[in-house]
Amino acid sequence: MKIAVCVKHVPEGPAHLDPSTKRLDRAGEGALNHFDANAVEEALRLKGESDIEVVAVSLGPQKALDSLRKALAMGADRALLVSDDAAAGSDLVATSRLLAAALEREGADLVLFGQQASDADGAVLWAAVAERLGRPVVSQAMELAVDGGSVRVKRQTEFGYDTLEAPLPAVVAVSDAINEPRYPSLKGIMGAKKKPQDVLSLAGLGVDAGDVGEAGSRTTVLALGEPPARGDARKIEDDGNAAQAIVDFLAEKRLV
Amino acid sequence: MSRASNFPPPFSSADYVTEPTDPADERIEVGVLVVGAGPAGLACAIRLGQLIEQNPEVAERLGDVPVAVIEKGKQPGSHLLSGAVVNPRALRRLLGERFRMEDLPSFGPVPGESVYVLTRRAALPIPPPPPMRNHGNWIFSLSQLGRFLGERAEEGGAVILPETSAQKLLVSHGRVVGVRTGDKGRGREGGELGNFEAGSDLVAKVTVLAEGTQGHLTGVAIDRFGLRGEDPQVWELGVKEVWKVAKPLDRIIHTMGWPLRAGGKYREFGGSFIYPMGKDMVTIGLVVGLDYRDASLSVHDLLQELKTHPKIRKILAGGERVQWGAKTIPSGGFHALPSRLHAPGLLLCGDGAGMVNIPRLKGVHYAIESGRLAAEAAFRALQRGATPATALSSYDDAVRGSFIWDDLYEVRNMRQVFGRGFFVGGALASAMTMSKGRVEVGKLPAEPDADQPLLVTDRDKSYPAPDGALVFDKLSSVFASGNKTRDDQPNHIRLERRVPSDVAQLWAHMCPAQVYEVGADEGDGTVRVEVAPSNCVQCGAITAKGGRLTPPEGGSGPEYSLT
Amino acid sequence: MPTLVFLEHHGGELQKGSLGVLAKAASLGDAAAVIAGPGASALAGEAGRYGAAKVWACEDEQVAQAVPQPRVDVLAQVVADGGYDTVLFANSVLAADVAAGLAARLDAGLNWDLTGIEFQDGELVGKRPALQDSVYADVGWTGTPRLALFRAGSFDATPTGGGDPETTGISPAYRPYSTAVKLVGQDAEAASGPSIEDADVIVAGGRGLGAPESFTLAEELAKALGGAVGATRAVVDAGWYPYSAQIGQTGKTVSPKLYVALGVSGAIQHKVGMQSSGTIVAINKDPNAPIFEFSDLGVVGDVHEIAPKLTELVRQRKR
């Protein structure tokens with residue numbers, strides 16, 4: 001059985017937007033998106049001591065290999081990076097297209113995603129990828145089990161907990177409540193270098209440059225600006241009536 | 001008057017020395033183990049890579065991992081902080097064939113320099129005294145240089161293991177055989193959390209300690225192998241910021257005087273530096289000797305105060321603080337160097353061994369040169385038929401024959417003459433330099449920083465109030481260091497927790513990261529010291545002033561990138 | 001060209017968030033709604049009251065469970081049949097997956113986490129915060145259909161006074177993978193109050209509470225407001241409250257509609273964990289506490305006096 005885990009290399013430290021491209025400045029240091037570490041951990045738990053193959057997959061520039069190596073150090077067996085300058089600036093439509101092509105090529109039984117990406121706060125990629133792959137998708141998994149040819153997921157919704165089942169091959173996005181990611185051991189870190197790390201370009205995947213990057217995207221960032229000022233911020237001193245003043249304020253905003 | 005040294009921390013070097021305990025097949029074996037991915041450690045790894053490439057038969061005997069560098073920070077550079085104006089000679093010697101200075105990530109050669117004596121409102125220029133002349137030196141961010149050297153080390157075949165701390169020294173039959181790395185995933189009380197990962201025995205044929213200032217295992221090794229120098233080591237605390245600025249700065253600046261007080265009873269010695277970092281950034285820092293006596297002194301807040309000086313305000317006008325950090329610098333000089341720089345299986349390099357020239361405020365090039373020489377000695381020890389003891393002792397000889405020794409000898413009493421003033425402003429000091437140290441003033445007694453008797457003034461009342469634009473509070477500074485250490489880790493700071501109020505105040509003001517707070521009165525003349533260890537940026541000041549810093553979980557602490 | 005809005009319902013009622021989006025759509029022009037699930041057609045009237053001129057209702061067996069993929073089939077069919085060029089969603093666990101699946105199905109641009117939408121020079125432009133609300137971006141679409149996912153609570157659900165809408169049943173062809181997920185069990189939420197992550201209201205306690213016993217002030221107020229209790233790093237470090245309640249850089253990041261800070265100084269480590277809260281009310285006796293720089297209502301006073309009175313007043317209002 002093969003499990004593919006989609007991971008993202010995201011900027012570390014205080015995020016900055018590049019005013020010229022209006023996109024996130026990814027020039028500085030980066031790290032494995034910490035939500036994706038939950039997905040890697042879950043794949044490794046499912047793998048256990050068996051010969052299930054866990055492949056870490058990422059789209060990004062060459063330095064995304066750093067995050068893939070972290071996944072390898074945790075215990076993943078192989079890493080695949082799809083890297084091509086033409087893919088920079090891809091939105092959901094373009095990214096999901098490219099990622100689906102890579103995953104199709106891998107032919108994994110189970111594809112795992114983390115809860116969200118800490119950079120664009122996107123929590124939508126898996127549903128788009130599952131649609132392109134033509135596979136069932138379940139998100140917000142807080143418990144995951146594979147049984148025979150199907151996956152069983154317990155997920156949290158606004159109303160409580162649902163238990164769902166889907167036949168493999170399937171796509172599952174895990175919530176950060178599902179597990180506590182392991183620290184890579186020293187042996188793991190040292191062994192990561194030796195594990196296979198493939199890098200593919202668009203040509204290697206048979207994807208056209210017009211289908212990715214800005215050309216392949218359907219959304220765009222038009223302008224960046226300051227957030228609206230926090231309205232009419234008020235500061236008062238308690239003269240014995242502060243509690244009433246607070247309630248009136250909340251009532252005004254229909255918060256109580 | 002209390003002395004912090006009367007309240008020693010619950011710490012014993014012996015607790016950090018052990019035989020390997022992992023089963024033999026679980027130990028991780030490497031050829032040469034370097035502890036610390038700073039300039040010394042990476043220079044060692046780079047030089048070893050060069051030597052191994054030229055001598056493949058030695059490579060075979062070093063196994064799968066000929067050179068491993070462990071680093072407690074998130075990556076090389078995360079815990080590196082300095083000015084820095086670097087003398088290029090060691091870099092040229094290390095990288096000369098493959099890289100020119102222009103290829104390194106520097107901010108260019110020093111364009112010019114000024115020295116000022118500050119008063120509250122004025123800045124009186126003085127000609128740069130001889131030790132302070134920096135023509136021919138280059139401006140770097142040490143953190144960036146560390147990242148660059150890390151990449152070169154990896155290209156040369158070294159394996160860098162970040163987020164890995166060296167907790168204990170592995171000693172077997174009187175010989176250092178490696179280190180035990182720190183555990184990960186322990187809770188506040190020391191219990192094992194769900195993702196607990198025990199440390200490992202990392203064994204090597206030669207271990208090189210390049211831990212930087214307050215090196216944990218360096219201190220342990222000095223105790224274990226009796227390597228203490230003539231004088232006790234003492235330190236300065238450096239606190240600095242990196243700013244984006246509107247107007248480029250066209251030279252490096254050093255200042256002395258205000259806001260430090262001149263009176264002898266205070267023993268406040270030090271000065272500031274302001275260096276351009278390209279056209280749109282500037283770094284400003286303040287360095288103060290930790291032998292100061294006023295418990296209400298806060299170097300963090302003195303730096304904030306310094307920025308309100310009209311001359312400095314102008315430099316920073318329209319700018320924005322982008323990073324902050326703090327680190328101690330060993331300042332005992334020549335007489336505080338360890339009596340030997342080697343022990344069986346062990347070599348000591350760089351700041352950890354105290355190789356810093358305080359009057360010139362230089363140490364990076366000594367670190368690099370010592371790392372390079374350590375590599376050569378380690379390599380000799382690995383040759384077929386070598387006697388390890390002889391090979392390793394050749395490191396001491398090499399260092400003694402190098403510019404490291406000559407330079408440190410030349411300035412050996414300078415700080416003591418001026419009571420540890422690190423900017424030399426007087427004729428005598430100049431004379432010492434120009435005579436290359438032949439002017440003898442006799443050796444003055446040196447005392448550990450924690451032995452200084454304390455006084456308490458209301459100095460803290462005059463620190464400027466934070467405004468979030470020019471003046472910042474300590475917690476904002478900790479945030480600006482990139483520190484997001486997990487809060488529920490065990491406390492890595494060893495400290496006597498019930499002390500007289502002035503000692504508690506000393507620590508609370510001293511720590512630039514607000515780790516210590518004066519807690520409740522215990523009713524017997526002591527107060528409780530509250531500790532918030534996750535604020536710690538591992539500067540090491542506490543070790544100088546009566547406590548003991550040990551390495552927290554690997555990956556904790558600051559994430560410097562521009563310091 | 002009317003806008004299509006995806007409405008969610010639960011327990012026989014349309015969700016307020018999606019009704020808010022519908023009301024917004026109606027303010028931009030003609031609006032239509034799609035409701036999928038048991039009892040959909042019975043809710044058409046209510047959709048009309050919030051601005052839907054037309055409602056597409058699907059009550060197929062395939063959409064009986066609250067799973068996203070069959071709804072992609074429904075929406076794709078509605079978009080094709082109705083020729084809609086804009087589809088709006090209010091964020092929820094379900095809606096996000098539906099919107100993203102639809103984006104891939106139609107190769108349609110999806111902008112998410114929007115807090116606003118307006119016409120600029122005749123083109124629809126979305127407004128969204130980014131980088132923990134420190135920056136705002138105008139985002140657009142290149143091509144149609146345009147899909148937009150709005151942050152929960154972005155718009156008030158105010159009835160527009162519309163009448164009964166034209167209602168059409170819809171029953172699309174379902175793709176095999178759309179119907180492969182089966183619900184095999186369900187547990188309702190235990191009545192222990194919302195978790196910090198989901199709470200609409202959070203009352204956080206800081207060192208200014210003075211002692212661990214005073215945390216009851218935060219607990220009582222949270223209960224009265226129907227919210228969760230949070231804590232700063234300082235009080236968690238001091239052992240006054242568990243780490244699971246910690247909000248901040250090294251704790252949880254939250255953005256409830258209302259954040260009440262009791263005795264919280266507002267150090268930046270805490271601020272980055274809650275600065276995108278809708279409304280921030282702070283009570284602290286230190287007039288220079290940094291929290292007053294980013295709260296909507298700052299009260300300088302004794303939290304031990306004010307909090308209990310506030311709790312009582314809130315309880316009275318709710319009766």
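Domain bounds here come from an automatic or database domain assignment. With that said, let's look at chain C of this predicted model. The assignment splits chain C into two pieces, listed below.

| Domain of chain C | Residues |
|---|---|
| domain 1 | 3–179 |
| domain 2 | 201–318 |

How far apart do the C-alpha centres of these two domains of chain C lie? The answer is 35 Å. As for the contact between them, four residues of domain 1 of chain C meet four residues of domain 2 of chain C. On the domain 1 side, that set breaks down into one nonpolar, two polar and one charged residue.

Now for chain C as a whole. Its secondary structure runs to eight helices and 18 strands. Measured out along the principal axes, the C-alpha atoms of chain C fill a box of roughly 65 × 50 × 35 Å. Chain C has 319 residues, and 56% of them are buried. Take the contacts in chain C between residues at least 6 apart in sequence: 65% of these join residues at least 24 apart.

Next, the place where chains A and B touch. Here 16 residues of chain B are in contact with twelve residues of chain A. On the chain B side, strand E9 (159–161), strand E12 (184–186) and strand E13 (192–197) each supply at least two residues. Which of the elements gives the most to that side of chain B? It's E13(B), with three residues. By residue type, the side of chain B that touches chain A holds five nonpolar, eight polar and three charged residues.

Note on methods
Residues are numbered from 1 along each chain as its sequence is written. Chains are lettered from A and ligands numbered from 1 in the order in which they are written. This is a predicted model: local features need pLDDT of at least 70, side-chain atom pairs count only at pLDDT 80 or more; totals for chains, interfaces and linings use all residues. Helices (H or I, at least four residues) and strands (E, at least two) are DSSP runs, numbered from the N terminus. A residue is buried if 20 or more other C-beta atoms lie within 10 Å of its own, exposed if 12 or fewer, and partly exposed in between; C-beta atoms are placed from the backbone. Two residues are in contact if their C-beta atoms, placed from the backbone, lie within 7 Å. Ala, Val, Leu, Ile, Met, Phe, Trp, Tyr, Cys and Pro count as nonpolar, Asp, Glu, Lys and Arg as charged, and the others, Gly among them, as polar.
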